[in-house]
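Colleague: I would like to go through the labels used for this model and hear the reasoning behind each of them. Where should we start?

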Amino acid sequence: MNAARPSEGARSAAAGEGTPPMGGAQPPEAGKAKPRQADWSRTPERSNMLALRVICWIAIRCGRPLARLVLHPICLYFLLFSPAPRRHIKRYLFRAIGPRAGWADGYRLLHAFASTVLDRIYFLRGRMDLFDVRVQGNEPVEAEVTAGRGAFLLGAHVGSFEAIGACKHQSGCPKELRLAMLMYRDNAQQITAVLEAIAQPGLRPHIIALGRPHSMLDLRDWLDGGGLAGLLADRTLPSPEDAGQQRGNSITLPFLGHPAVIDDGPFRLAALLRRKVFFMAGLYMGGARYDVRFEPLADFSERVPDLAERERRIRAALESYVARLEALCRAYPYNWFNFHDFWLED
């Protein structure tokens, strides 16, 4: 819709010019990379409240087909006038697609992102009749909900998080499924406020704010009540001095053929609270179709007294997460909306 950074940690721009600087960059030291890669949490929100309200008005009053027409000039504007995000996405497209990636691919990626942001309006207003949502692998997640144990759903800035809530509307899924999003809200206040204002009663997303003194207690109580906690784990968390509490370790792993720094904090959190972890993705397939997928990722529900074994399991879960995300980026390259300096090459 615009270059706002919404509650999913949104991102706005596209790619496609020239050949990116592919070589010569050395992987940063893990201890030094963390504050830099967490700069996304301090990036000012590029929102215009009037523009947000106009887009929402068009979406609600004029319908989805007309609202989607408005996305084209908006996408073109940010394709042309957002050089830094365009540079980052250019690198990503060359690594996910190959050297054939060009301006058309950048525009397609940006339009897919804008489409998912627009569709959030309809998801939050309960307009499931507008979409073809297909759910796979939800049975193990439902089992945890039915048993009242709660679980972690670890995703990425892939597709739409709101589409995952469509599980409630599928036959055979428990209607009592409760999903909370763990996130930093400070850099997305405007668009979050607008979307929450237009949400229908009962559809407003439940958010557990990270980096607050009571965050851990809120999360524990939510899980103990049988709730699901969703977290997008493809960005490192702010450093301890920013968040006011200890985070995970920054680990360098290969991603799309280049070393990337990934934070194992979400997995340490799951191990601390002794919960199962599932990989989740709400892939945007174009048009009105979304594919929601769940896969078992790790099981931290049993206590592991041996520290070395616990560390091994956390590392294995992190590597499994990165492998799944990489596979999705290669299979569905226009679904990853992580438009920042992911590989720390600037």
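Modeller: With cavities. A cavity is a set of grid points where a 1.4 Å probe fits but cannot get out, and its lining residues have an atom within 4 Å of a point. Bear in mind that this is a predicted model.

Colleague: Which residues lie nearest the centre of the second largest cavity, and how many line it?

Modeller: The lining has 13 residues, and A156, V158, S160, F161 and L232 lie nearest the centre. The volume of this second largest cavity is about 70 Å³. In the whole structure there are six cavities of 30 Å³ or more.

Colleague: What makes up the lining of the second largest cavity by class, and which element gives the largest share?

Modeller: Seven of the lining residues are nonpolar, five are polar and one is charged. Strand β8 (residues 276-284) supplies the largest share, three residues.

Colleague: Why is W103 called partly exposed?

Modeller: Its relative accessible area is 36%. Partly exposed covers what lies between the buried limit of 20% and the exposed limit of 50%, so W103 is partly exposed.

Colleague: Which residues make the nonpolar surface patch with W103?

Modeller: L76, Y77, L80 and F81 make the patch together with W103, and it covers about 520 Å². A patch residue needs over 30% relative accessible area, and W103 has 36%. Helix α3 (residues 64-81) contributes the largest share of the patch, four residues, whereas W103 is found in helix α5 (residues 103-124).

Colleague: What makes the contact of R91 and E345 a salt bridge?

Modeller: A side-chain nitrogen of Lys or Arg has to be within 4 Å of a carboxyl oxygen of Asp or Glu. For R91 and E345 the N to O distance is 3.3 Å, and the pair therefore counts. This pair links distant parts of the chain, 254 residues apart: R91 is in helix α4 (residues 83-96) and E345 in the segment after α11 (307-331). Both residues are buried. R91 and E345 also belong to a network of salt bridges that includes R95 and D341.

Colleague: How do you know that D291 and R293 form a salt bridge, and is D291 buried or exposed?

Modeller: Their N to O distance is 3.9 Å, and the limit is 4 Å, so the pair is counted. D291 has a relative accessible area of 3%; buried means under 20%, so D291 is buried.

Colleague: Why is D129 called exposed, and R127 partly exposed?

Modeller: D129 has a relative accessible area of 58%, and exposed means over 50%. R127 has 35%, which puts R127 between the two limits. The closest N and O atoms of D129 and R127 are 2.8 Å apart, and the two form a salt bridge. By this rule the count comes to 19 salt bridges.

Colleague: What is the phi of L256 and of R274, and where are these residues?

Modeller: L256 has a positive phi of about 55 degrees although it is not a glycine, and for R274, also not a glycine, phi is positive at about 55 degrees. L256 sits in the loop between β6 (250-255) and β7 (258-263). R274 is in the loop between α10 (265-273) and β8.

Colleague: Why is L256 called buried, and R274 partly exposed?

Modeller: L256 has a relative accessible area of 3%, and buried means under 20%, so L256 is buried. R274 has 42%, between the limits of 20% and 50%, and R274 is therefore partly exposed.

Key:
Residues numbered from 1 in each chain as written. Predicted model: local features only at pLDDT ≥ 70, side-chain atom pairs only at ≥ 80, totals over all residues. Heavy atoms only, no water. Patch = residues over 30% accessible without salt bridge, like charges linked within 9 Å, V, L, I, M, F, W, Y side chains within 5 Å. Areas by Shrake-Rupley, 256 points an atom, 1.4 Å probe, with all protein chains shown as cover. Helix = DSSP H or I, 4+ residues; strand = E, 2+ residues; numbered from the N terminus. Buried < 20%, exposed > 50% of the residue type's maximum accessible area, 1.4 Å probe, protein only. 1 Å grid on protein atoms, 1.4 Å probe; cavity = no way out; pocket = protein on both sides within 12 Å on 5 of 7 lines; lining within 4 Å. Points joined across faces, edges and corners; volume = space filled by probe spheres on them. Nonpolar A, V, L, I, M, F, W, Y, C, P; charged D, E, K, R; others polar.
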